[in-house]
Amino acid sequence: MGFHHTLFGLAWCSVAAPALGQTFSGFKPATSNTLAVAWGATPLNYSGQPLTIDFLKDKTQVPTIGLPTTAKCDGTYILLMVDPDALQGNIETQAGLHTIQGNLTCNFERVTGLGNTTFVPLKTDSKPLAPFIPPEPQPKNPVVTHRYTLLLFNQPVNYIIPESLAYALPLDPSNLTNRLNFNIPEFSESVGDSIVAGAYFKVVSPKANSTTGSVSPTGSSTGTGGASSSPISLSAASRSGGLSGIAVSVVLAQYVLALTYQVFGAGL
């Protein structure tokens with residue numbers, strides 16, 4: 001499949017946080033380079049910051065991303081967003097694909113600053129190679145912390161997604177199973193392991209079987225209010241859809257198959 005798929009544009013805004021850009025411990029590919037992330041006028045204050053379901057529930061498009069003005073920015077880039085915690089339970093955790101979008105270049109006409117940090121936002125006139133699925137953790141008991149990770153790579157000339165990963169590109173909102181079990185190392189290898197920068201944020205799933213409809217907080221952010229700080233209270237009721245809900249169904253199906261084999265396997 002050729003890279004003639006194009007990606008939708010990003011909205012521009014101010015971003016900040018000198019500590020941005022770290023991937024979490026054990027994640028590969030790893031990077032310590034800053035990737036700025038923002039939703040409207042609200043930036044991710046630091047990589048690994050907890051965000052709330054209330055804050056994210058109306059964020060239906062890919063957040064704005066950017067690079068520091070001190071970073072080299074003269075190429076074409078491709079963004080990968082994944083949830084390494086999309087599948088939970090006794091089955092080994094597997095990644096869920098949220099988006100792939102390429103043809104990103106630095107928009108030097110929109111250089112913006114906040115505090116002591118200045119960023120160059122990335123722009124594109126293209127549509128997504130893999131359309132965006134907004135973060136939407138499903139209720140679990142015990143609760144699960146999802147580490148949504150954004151990775152920016154150099155985009156090779158005439159880049160073509162490997163055929164072995166093409167299954168994950170389409171988006172059918174009624175059935176998201178093709179987005180599960182995404183092979184992050186294989187994607188990284190396909191772009192020459194050319195990671196440029198990264199960031200991640202954490203979202204705690206609602207607690208399942210709640211009788212009150214309320215859920216536990218994700219923890220506080222470093223902001224104290226205003227447009228540049230993220231909300232810290234989490235009171236949204238659980239919603240349907242999202243990769244996590246599909247993941248639960250996959251786990252249950254695999255568990256039933258395993259029990260069936262144990263009961264009837266000897267007679268097969």
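**Exercise 1. Take stock of the aromatic pairs, then dissect one.**

Searching the whole structure turns up eight aromatic pairs. To pair, rings of Phe, Tyr and Trp (its six-membered ring) need centres within 6.5 Å; planes under 30 degrees apart count as stacked, over 60 as edge-to-face and the rest as tilted.

Step 1. Take Phe153 and Phe187. Their ring centres are 5.6 Å apart and their planes stand at 75 degrees, so this pair is edge-to-face.

Step 2. Place the two residues. Phe153 is in strand β9 (residues 145-154) and Phe187 in helix α2 (residues 184-190), so the pair ties together parts 34 residues apart in sequence. Helices (H or I, at least four residues) and strands (E, at least two) are DSSP runs, numbered from the N terminus.

Step 3. Check burial. Buried means under 20% relative accessible area, exposed over 50%, partly exposed in between (1.4 Å probe, protein chains only). Phe153 is buried, at 0%. Phe187 is buried, with a relative accessible area of 0%.

Step 4. Add Phe182. The Phe182 and Phe187 rings have centres 6.3 Å apart and planes at 50 degrees, so that pair is tilted. Phe182 is buried too, at 5% relative accessibility.

A note on the model before going on. This is a predicted model, in which local features need pLDDT of at least 70, side-chain atom pairs count only at pLDDT 80 or more, and totals for chains, interfaces and linings use all residues. Residues are numbered from 1 along each chain as its sequence is written, and side-chain values use heavy atoms, with hydrogens and water left out.

**Exercise 2. Describe the chain as a whole.**

Step 1. Count the elements. The protein chain has three helices and 10 strands. From the N terminus, their order is β-β-β-α-β-β-β-β-β-β-α-β-α.

Step 2. Gauge burial. Of the 268 residues in the protein chain, 50% are buried.

Step 3. Look at contact range. Contact means heavy atoms within 4.5 Å. Among contacts between residues at least 6 apart in sequence, 78% join residues at least 24 apart.

Step 4. Read the surface. The accessible surface of the protein chain is about 12,500 Å², and carbon and sulfur atoms account for 53% of that. Accessible areas come from the Shrake-Rupley method with a 1.4 Å probe; for residues, only the protein chains shown count as cover.

**Exercise 3. Find the disulfide and describe its geometry.**

Step 1. Search. The whole structure holds one disulfide, a pair of cysteine sulfur atoms within 2.5 Å.

Step 2. Name the partners. Cys73 and Cys106 form the disulfide, with sulfur atoms 1.4 Å apart.

Step 3. Get the handedness. The torsion about the S-S bond of Cys73 and Cys106 is about 90 degrees, so the disulfide is right-handed.

Step 4. Locate the ends. The pair links distant parts of the chain: Cys73 sits in the loop between β4 (64-68) and β5, Cys106 in strand β6, 33 residues apart. Both Cys73 and Cys106 are buried.

**Exercise 4. Trace the polar contacts of Asp85.**

Step 1. Place Asp85. The residue is in the loop between β5 (77-83) and β6 (96-106). Asp85 is buried, with a relative accessible area of 4%.

Step 2. Find the side-chain partner. Asp85 and Arg147 make a side-chain polar contact of 2.8 Å. A polar contact is a pair of N or O atoms within 3.5 Å; within protein, one must be able to donate a hydrogen and the other to accept it, and residues adjacent in sequence count only if both atoms are side-chain atoms.

Step 3. Find the backbone partner. The backbone oxygen of Asp85 lies 3.4 Å from a polar side-chain atom of His146. His146 belongs to strand β9 and is buried at 1% relative accessibility.

Step 4. Follow Arg147 onward. Its charged end sits over the ring of Phe24, 4.0 Å from the centre. The test is NZ of Lys or CZ of Arg within 6 Å of the ring centre and within 35 degrees of the ring normal.

**Exercise 5. Map the surroundings of Tyr148.**

Step 1. Place Tyr148. The residue lies in strand β9 and is buried at 1% relative accessibility.

Step 2. Find its ring group. Trp39, Phe55, Tyr148 and Phe201 form one aromatic cluster. Lys59 lies over the face of Phe55, 4.2 Å from the ring centre.

Step 3. List contacts. Leaving aside neighbours within four places in sequence, Tyr148 touches residues including Met81, His98, Pro135 and Phe201.

Step 4. Turn to Met81. This residue is found in strand β5 and is buried at 1% relative accessibility.
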